[in-house]
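Please look over the structure below before reading on. The paragraphs that follow lead through it step by step.

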Amino acid sequence: MKYFKFIIILSLVVSSVNLHGYFFANEIENAFTPKPCEGCKNYDTLFLKQLIIDGAGFFIQSNSQYQLFLKEVEFSGIYGINQEAIKNALDNAVKNMELANDTYNKLVPAANQFEYNPPVLEALYHFDYPGYRDLNQLNPTIFQQVEQLLKSGDVRGCLQWFYNATNEIQERLKIIKSCADICIMPEIPECWRLNQLYMETQIFGQYTAEIFMNLKY
Amino acid sequence: MKKQGCYFNQEALKMAVNNAVISMNPGWSETAAIIILADIGATTESCPYKSGKYLAIIGDFHGCRGGSLCPPLFKFLSLQAKMRITGETAIKLTIPPPGIIIISKSKPGGNHMIKKKLLTAMIFVALITLNLNGYFAFNETGKAFNLPPCEGCKNYAALDLGQLLVTGAGYFIQSNSDYQLLLKTIEMSDIYGMNSEDMADSIDNAIKHMEMANETYYQILQVSSLLEYNPTVLEKLKNFDYDNYQYVNSLNPAIFQQVERLLKTGNVRGCYQKFYIATNEILVRLRSIKTSMDTLTIPRIPDCWRLNQLYLEMELFGQYAAEVFMNIR
């Protein structure tokens, strides 16, 4: 038990100086120079890093809640509609997606305060995208979108992409929630398309993190 | 205790369906429901009506677009005892054994003919296992098999299949939700601290639900092997316009191609097999992550990535298969 506590305390201490996230666009802040440009607000890239981790966490949490909603709808044919569970899941999915969207809304202008870091852009340009894709059997369509942005060094475009995607998910979630709030089953094709958007956005975010975490510069 | 509602056997239902007068409520979407006015007769003493005209709703409700009947239908599916249809009529419902239906008698006479009857008294045909509302993984793929089951096969095997498909999908999705929670906890651990209890709960739940999904897909394989394919459905699968559907809905090409390859050739069992193998693989990977966590080691992040990809791709695979089946009529 003591050992366990020690590990946790150690991890907290380490985390305060060296933040890590892994699953959604993490380390993308490395594309920016640590020093803010002249006349810019005095941000530091650690601030970007924290926003990225926050955004990732909220996004993934929202996806988890949306999956719970789908599960409730799926099971309703056998176990009946659990209106409360459906409402809770959707409320949480909406709330977390709003938080994710707010975070990306801060992240996009914050990133604009920084200049790109040339060695990282160079590494992004030379990264072996096809090799990495084939080795890890990544989804070609989604990976191609990631490659298009990162190879050309458009990291801000990536952040904008997340903002747009979370906006769209948020809108669609609200439509579904407005149906569920009055006990009307949302259109199933709407749920399908939203689920696809969640999945594709999450894989997009993950691939972005994968590339940044595999960059050599 | 006296049972509520009226009960009919499968044969009575079949006759009712065959002899039915079918009409559509104009407020519903094309696929919402089919209304049947039929004399199906009561077979138990608990039923207050020994014979007469009954209104039945059969078919699938997948296209239910929020018309006045949707909420009652959902309540019906929730197996609650009471259902209010128009504010006038509450119908007692109970869940019968497979193949039995529950009814409420339509009110006799009246000038509003079918419409009035539809709104005031209905028979809900509880072919629950045939008409299960499931939407997100392989649902309705049971259509690909013949009813009744082949000679000598287990009775109601096809009925079981519908229920198993919904169950398997539900467990799979729940496990995905659990895994997402785990990822989120790891993701935010550097900011908010590591919550090892949450992480342990998430991985345990993800494993438990994936085990249930895996078991269910094993049963699905067993049950589907007892059934013969339905040639009409296979024909429709062959002729379905996959390219157009993929284009119109912007489906992920790589994943949809896998679905198309199996369904176009009528290999519905192949879909189940693929899912069974995937649930096996996910289980192995989840257990490996759990082993790391049990020894207070953070799991290898690339392992988490690949597992996440597998979850997401398989869920889309199952969803696309369900979409195709729900779009072949």
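Two residues are in contact if their C-beta atoms, placed from the backbone, lie within 7 Å. With that meaning, Ile289(B) touches Ile203(B), Pro299(B), Asp303(B) and Cys304(B), leaving aside residues up to four places away in sequence. The structure is a predicted model, and every contact named here is computed from it. Ile289(B) belongs to helix α9 of chain B. Because 20 or more C-beta neighbours within 10 Å are needed for a residue to be buried, Ile289(B), with 21 of them inside 10 Å, counts as buried. A further distance concerns Gln180(B): the C-alpha atoms of Ile289(B) and Gln180(B) are separated by 14 Å, and the two residues are 109 residues apart along the chain.

Chain B as a whole can be described next. Its secondary structure consists of 10 helices and 8 strands. Of its 329 residues, 47% are buried. Among contacts in chain B between residues at least 6 apart in sequence, those that join residues at least 24 apart make up 74%.

Two pairs of helices in this chain can be followed in detail. Two packed helices are described by the angle between their axes and the distance between the axes. For helix α9 (residues 268-294) and helix α10 (residues 301-327) of chain B, the axes come within 10 Å and cross at roughly 155°. An angle over 145 degrees counts as roughly antiparallel, and α9(B) and α10(B) are therefore roughly antiparallel to each other. The crossing in which α9(B) passes α10(B) is left-handed. On the α9(B) side, the residues making the contact include Phe275(B), Ala278(B), Ile282(B), Arg285(B) and Ile289(B). On the α10(B) side, they include Asp303(B), Cys304(B), Leu307(B), Met314(B) and Ala321(B). Sorted by class, the contact of α9(B) with α10(B) has 11 nonpolar, 2 polar and 3 charged residues.

Helix α10(B) also meets α8(B). The axes of α8(B) and α10(B) come within 9 Å and cross at roughly 50°, which makes α8(B) oblique to α10(B). This crossing of α8(B) and α10(B) is right-handed. From α8(B), Ile255(B), Phe256(B), Gln258(B), Val259(B) and Leu263(B) take part; from α10(B), Glu313(B), Leu316(B), Phe317(B), Tyr320(B), Ala321(B) and Val324(B) do so. The contact of α8(B) with α10(B) has 9 nonpolar, 1 polar and 1 charged residues by class.

Some of these names return in the core. Which residues have the most contacts inside the largest nonpolar core? They are Phe69(A), Val259(B), Tyr320(B) and Ala321(B), in a core of 115 residues. Phe69(A) touches Ile86(A), Ala89(A), Leu90(A) and Ala93(A), again leaving aside residues up to four places away in sequence.

Last come two residues with a particular backbone angle. Glu27(A) has a positive phi of about 70° although it is not a glycine. Glu27(A) sits in the loop between α1 (2-17) and α2 (45-79) of chain A. Is Glu27(A) buried or exposed? Glu27(A) counts as buried because it has 20 C-beta neighbours inside 10 Å. Ser250(B), likewise not a glycine, has a positive phi of about 50°. Ser250(B) is in the loop between α7 (242-248) and α8 (253-264) of chain B. With 12 C-beta neighbours inside 10 Å, Ser250(B) counts as exposed.

Note on methods:
Residues are numbered from 1 along each chain as its sequence is written. Chains are lettered from A and ligands numbered from 1 in the order in which they are written. This is a predicted model: local features need pLDDT of at least 70, side-chain atom pairs count only at pLDDT 80 or more; totals for chains, interfaces and linings use all residues. A nonpolar core is a set of buried Ala, Val, Leu, Ile, Met, Phe, Trp, Tyr and Cys residues joined through C-beta atoms within 7 Å. Axes are lines fitted to C-alpha atoms, for helices over the stretch in contact, and angles run from 0 to 180 degrees between N-to-C directions. Helices (H or I, at least four residues) and strands (E, at least two) are DSSP runs, numbered from the N terminus. Angles under 35 degrees count as roughly parallel, over 145 as roughly antiparallel, 65 to 115 as roughly perpendicular and the rest as oblique. A crossing is left-handed if the near helix is turned anticlockwise from the far one by less than a right angle, and right-handed if clockwise. Ala, Val, Leu, Ile, Met, Phe, Trp, Tyr, Cys and Pro count as nonpolar, Asp, Glu, Lys and Arg as charged, and the others, Gly among them, as polar.
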